[in-house]
Amino acid sequence: MEGRPAAPGPYRATKLWNEITRYFRAGMPLRKHRQHFKKHGSCFTASEAVEWLHEVLRNNSNFGPEVTRQQTVQLLRKFLKNHVIEDIKGRWGSENLEDNGVLYRFPSTSPVKPLPSSCPPKENLENFSRDKERLFKLPHLSRRTFKKHEFLQSLENLENTNPDIIEENKEDILHRKEISHEYVQGTWRNLILIHLQTILGIPSLEEVLQPTQIVPEYVIYNMTNTSKHGVVILQNKSEDLPHWVLSAMKCLAYWPRNNDMSQPTYSGFERDVFRTVADYFLNLPEPLLTFEYYELFVNILDLLQPHLERIAVEALQICCLLLPPPNRRKIQLLMRMISRISENVDMPRLHDAMGTRSLMIQTFSRCVLCCAEEVDLDELLSTRLVSFLMDHQQEIFKVPTYLQVAVRDHIEYVKMAQCKYPKEEICAILPTYSYCKQITPQEFEEQKVSTSQAAVTELLENIIKDKNLSVKDKKKKLKQFQKEYPLIYQNRFPTTENEAMLFDNKPTIKQPMLSLRKPRFRSLRY
């Protein structure tokens, strides 16, 4: 299960639930147990299930090492409620399961959840098709595309045009240069969809992100109205965090430097401040990533692996731009705070039994990501995402300027085409983008080894072909190489004859010396 993440696409949480339940039923060790003087076969204790499942979840790329034993107990309670398991008397339906020696078994029925029927809103798809047509084709212009040299030639022609003709058509050209507000919005919307679909590697975003869910005004505001630290600045202060929450967050983020002497300093003060901040975020009516983007962020979980880290950061950069500005500001400030608290060695313990990092993740995961309808894996999925957001918050909340450049270039492309062909219909093609192909961790390790061996082999060839090295130095380097990489050296020089040919001399193996027999002296006596 470690190298087999759930397929991206719609209803990914349900697919992941089905995969875990199948794996649990197939892999959980079963044995005989004795309870109340009676033997029970093919069963397991709750503690055995917690131990086994906890290890599986921690090693799974969809959840990661941040999963706690208590969260594993919560998942087993969901299993009991949904009849993935039952007690030895056949009872299920409740969440009455503890980390103890009570016996459980698997029922004969299948625990797999059916996927919801695939029926995206027809209106949204029709509107998107119409918007896409308007984006790719401007009214009263011909359906043609242009190459770079055509645009350069058109600019030269414009410079050499008769001034009278320019004055005559000036108003018409200026009018045609004005790109409609709807067209600019459509450009933003479609470029974002192209980027996300390419990054996630799925054939369609129809059931993950609807085009109408992309609000270009939010994206533009989040990219342009920021402080020097990149945090969104709200014009409407009523949508901002309350002043007392901001003060409490600042106190914890800069502890103990920001704790001035006017504030109380009693024992446990920092815990009360943390509880105040946590209560505010946990009581928000909606998670910071909003209910409507739940499927989108859940699909990014598949990218949260070491060899896909850069792609995951880029995907989250774009997705966090879609948030309403108040939500983006709140989650950005929250991630900055918990990141600093986790790294602050001077911060007193905020919990008796839990480390600071685990406390940050477990406390705020539910207020960052959850589904409008109860999903059994919500807590585990949100824990994984918050852990990654906290570790990479500086890169994720940077403004991706390449989006601005892509939109600007596209609009300029259309304007220039209008100038050259004012009475024709232009078809302006949006740029496409390619990203690294997703591979499994096993393939990553294999490629790493093969790449390293190729580099070492190339190093050996460079030593052999280096004409600036003297014979003595070359022999010295080759001897050192042979000592460090004997297998690669042996593949290159399988025999001493091959090695001797490099230096144009005989093999280094010494020939045996001729055996000379001593002359036999005869005695003069007979």
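**Salt bridges, sheet and helix contacts in a predicted model**

Modeller: Glu51, Arg69 and Asp99 are linked in a network of salt bridges. Please bear in mind that this is a predicted model.

Colleague: Within that network, how far apart are the closest N and O atoms of arginine 69 and aspartate 99?

Modeller: The closest N and O atoms of arginine 69 and aspartate 99 are 2.7 Å apart, and the two residues form a salt bridge. This pair links distant parts of the chain, with arginine 69 in helix H3 and aspartate 99 in the loop between E3 and E4, 30 residues apart.

Colleague: Is arginine 69 buried, exposed or in between?

Modeller: Arginine 69 has 31% relative accessibility, so it counts as partly exposed. Aspartate 99 is partly exposed as well, with a relative accessible area of 34%.

Colleague: How many salt bridges does the structure hold?

Modeller: The structure holds 15 salt bridges. One of them joins glutamate 66 to arginine 357, with the closest N and O atoms 2.9 Å apart. Glutamate 66 sits in the loop between H2 and H3, whereas arginine 357 belongs to helix H14 (residues 356-368), and the two are 291 residues apart.

Colleague: Why does glutamate 66 count as buried?

Modeller: Its relative accessibility is 15%, and buried means under 20%. Arginine 357, at 28% relative accessibility, counts as partly exposed.

Colleague: Which residue forms a salt bridge with arginine 271?

Modeller: Arginine 271 forms a salt bridge with aspartate 352, and their closest N and O atoms are 2.8 Å apart. Arginine 271 lies in helix H10 (residues 269-282) and aspartate 352 in the loop between helix H13 (325-343) and H14, so the pair ties together parts that are 81 residues apart in sequence. Arginine 271 counts as partly exposed at 24% relative accessibility, whereas aspartate 352 is exposed, with a relative accessible area of 65%.

Colleague: Now the sheet. What is the order of its strands?

Modeller: The order is E1-E2-E4-E3, in an open sheet of 4 strands with antiparallel pairing. Strand E1 (31-35) and strand E3 (86-87) stand at the edges; each has a single partner strand, so one side of each is left without a neighbour in the sheet.

Colleague: Which helix packs on the sheet?

Modeller: Helix H2 (residues 46-58) packs on the sheet and touches E1, strand E2 (38-45) and E4. The direction of H2 makes about 25° with that of E2.

Colleague: Over how many bridges do E1 and E2 pair?

Modeller: E1 and E2 pair over 4 bridges in the antiparallel sense. Histidine 33 has histidine 40 in E2 as its bridge partner. At the other edge, E3 and strand E4 (residues 103-105) pair in the antiparallel sense over 2 bridges, and the bridge partner of aspartate 87 is tyrosine 104 in E4.

Colleague: What about the backbone: which residue takes a positive phi in the hairpin of E1 and E2?

Modeller: Histidine 36 takes a positive phi near 55° in that hairpin, which has 2 residues between the strands. Phenylalanine 37, in the loop between E1 and E2, has a phi near 60°, also a positive value. Phenylalanine 37 is exposed, with a relative accessible area of 83%.

Colleague: Why point these out?

Modeller: Most residues other than glycine have a negative phi, and most peptide bonds are trans. Histidine 83, in the loop between H3 and E3, has a positive phi near 65°. Histidine 83 counts as buried, at 14% relative accessibility.

Colleague: Is the peptide bond from tryptophan 255 to proline 256 cis or trans?

Modeller: The bond from tryptophan 255 to proline 256 is cis, with omega near -5°. Proline 256 is found in the loop between helix H9 (243-253) and H10.

Colleague: Back to H3. How do the axes of H3 and H15 cross?

Modeller: The axes of helix H3 (residues 69-81) and helix H15 (residues 378-391) cross at roughly 150° and come within 9 Å. Angles over 145 degrees count as roughly antiparallel, and H3 and H15 are therefore roughly antiparallel to each other.

Colleague: And which residues in H3 meet H15?

Modeller: Gln71, Gln74 and Leu75 in H3 meet Glu379, Leu380 and Thr383 in H15. The residues of this contact divide into 2 nonpolar, 3 polar and 1 charged.

How values were computed. Residues numbered from 1 in each chain as written. Predicted model: local features only at pLDDT ≥ 70, side-chain atom pairs only at ≥ 80, totals over all residues. Heavy atoms only, no water. Axes fitted to C-alpha atoms, helices over the stretch in contact; angles between N-to-C directions. Parallel < 35°, antiparallel > 145°, perpendicular 65-115°, else oblique. Contact = heavy atoms within 4.5 Å. Nonpolar A, V, L, I, M, F, W, Y, C, P; charged D, E, K, R; others polar. Pairing = 2+ DSSP bridges. Salt bridge = Lys/Arg side-chain N within 4 Å of Asp/Glu carboxyl O. Buried < 20%, exposed > 50% of the residue type's maximum accessible area, 1.4 Å probe, protein only.
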